[in-house]
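Q: Pick one part of this protein and walk me through it up close. I'd like to know who touches whom, and how that part fits into the rest.

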Amino acid sequence: MATHEHRIPLSIDYVEISVTDLAAAQAFYGEAFGWQFTPYGPEYAGIRTSAEAEGEEAGGLTLAAEVPKGGPLVLLYSDDLDATQAAVTAAGGTVVNGPYEFPGGRRFHFTDPSGNELGVWAER
């Protein structure tokens, strides 16, 4: 399984690209850019970087019924998810999903005052 090292808390850490056909998207990005993937089941594949033979993950392809407006989902990493959620809310953001558990830890999604959706995640 690929790794993902977190270096700068609350900076852009990971980008998820919604796709309507996971296999076709992997074939496209693999052929066009040489990307390699870590399979996590029928609905998700991690995008590996070329930094090492195994490669760290820089993002993922996520299966969706339709591609949402606004493009890829930008994820920030947090050392303290609960404190970050409180800070987002205090600053005027709106939590729209979560926090919830996923194989890599916990995360939540929020919208900023302009309506942009971003996510924040933390290891358990």
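What follows is the general layout, then a close look at one core and its surroundings.

A: Quick bookkeeping before we dive in. This is a predicted model, so local features need pLDDT of at least 70 and side-chain atom pairs count only at pLDDT 80 or more, while totals for chains, interfaces and linings use all residues. Residues are numbered from 1 along each chain as its sequence is written, and side-chain values use heavy atoms, with hydrogens and water left out.

Now the layout. The protein has two helices and eight strands (helices are DSSP runs of H or I with at least four residues, strands are runs of E with at least two, both numbered from the N terminus). Going along the sequence, they come as β-α-β-β-β-β-α-β-β-β. Of the 124 residues, 37% are buried (buried is under 20% relative accessible area, exposed is over 50%, and partly exposed is in between, using a 1.4 Å probe and protein chains only). As for contacts (heavy atoms within 4.5 Å), take those with a separation of 6 or more: 48% of them link residues 24 or more positions apart.

The eight strands make an open sheet in the order 2-3-4-1-5-8-7-6, with mixed pairing (two strands pair if DSSP finds at least two bridges between them). Strand 2 and strand 6 (94-102) are the edges, each pairing on one side only.

On to the part I picked: the largest nonpolar core. A nonpolar core here is a set of buried Ala, Val, Leu, Ile, Met, Phe, Trp, Tyr and Cys residues joined through side-chain atoms within 4.5 Å. This one has nine members: Ile-17, Val-19, Leu-22, Ala-25, Tyr-29, Phe-37, Ala-45, Ile-47 and Leu-61. Strand 1 (12-19), helix 1 (22-33) and strand 3 each supply at least two of them. Helix 1 gives the most, with three residues. There's also a second, separate core of eight residues, among them Leu-76, Leu-81, Phe-110 and Val-120. As a rule of thumb, nonpolar side chains in soluble globular proteins tend to be buried together.

Zoom in on Tyr-29. Skipping neighbours within four places in sequence, Tyr-29 is in contact with Ile-17, Gly-34, Trp-35, Phe-37 and Leu-61. Tyr-29 counts as buried because its relative accessible area is 18%. Phe-28, one place earlier, is at 47%, so Phe-28 is partly exposed. Phe-28, Tyr-29 and Trp-35 form one aromatic cluster.

A word on how rings are paired up: rings of Phe, Tyr and Trp (its six-membered ring) pair if their centres lie within 6.5 Å, and planes under 30 degrees apart are stacked, over 60 edge-to-face, and the rest tilted. By that rule there are six aromatic pairs. Phe-28 and Tyr-29 are an edge-to-face pair, with 4.9 Å from centre to centre and 75 degrees between the planes. Tyr-40 and Tyr-44 make a tilted pair, because their planes are at 50 degrees, with the centres 6.2 Å apart. Tyr-40 is partly exposed at 33%, whereas Tyr-44 is buried at 18%.

Now follow Phe-37 out into the sheet. Strand 2 (residues 36-39) pairs antiparallel with strand 3 (residues 44-48) over four bridges. Phe-37 has Ile-47 as its bridge partner, and both residues belong to the core. The two strands form a hairpin with four residues between them, and in the turn Gly-41 has a positive phi of about 115 degrees. Thr-38 also sits in strand 2, and counts as buried because its relative accessibility is 6%. The C-alpha atoms of Thr-38 and Glu-57 are 8.4 Å apart, although 19 residues separate them along the chain.

Finally, a glance at the other edge. Strand 6 runs antiparallel to strand 7 (residues 105-111), joined by six bridges. Thr-94 has Thr-111 in strand 7 as its bridge partner. Pro-99 lies in strand 6, and the peptide bond from Gly-98 to Pro-99 is cis, with omega near 10 degrees.
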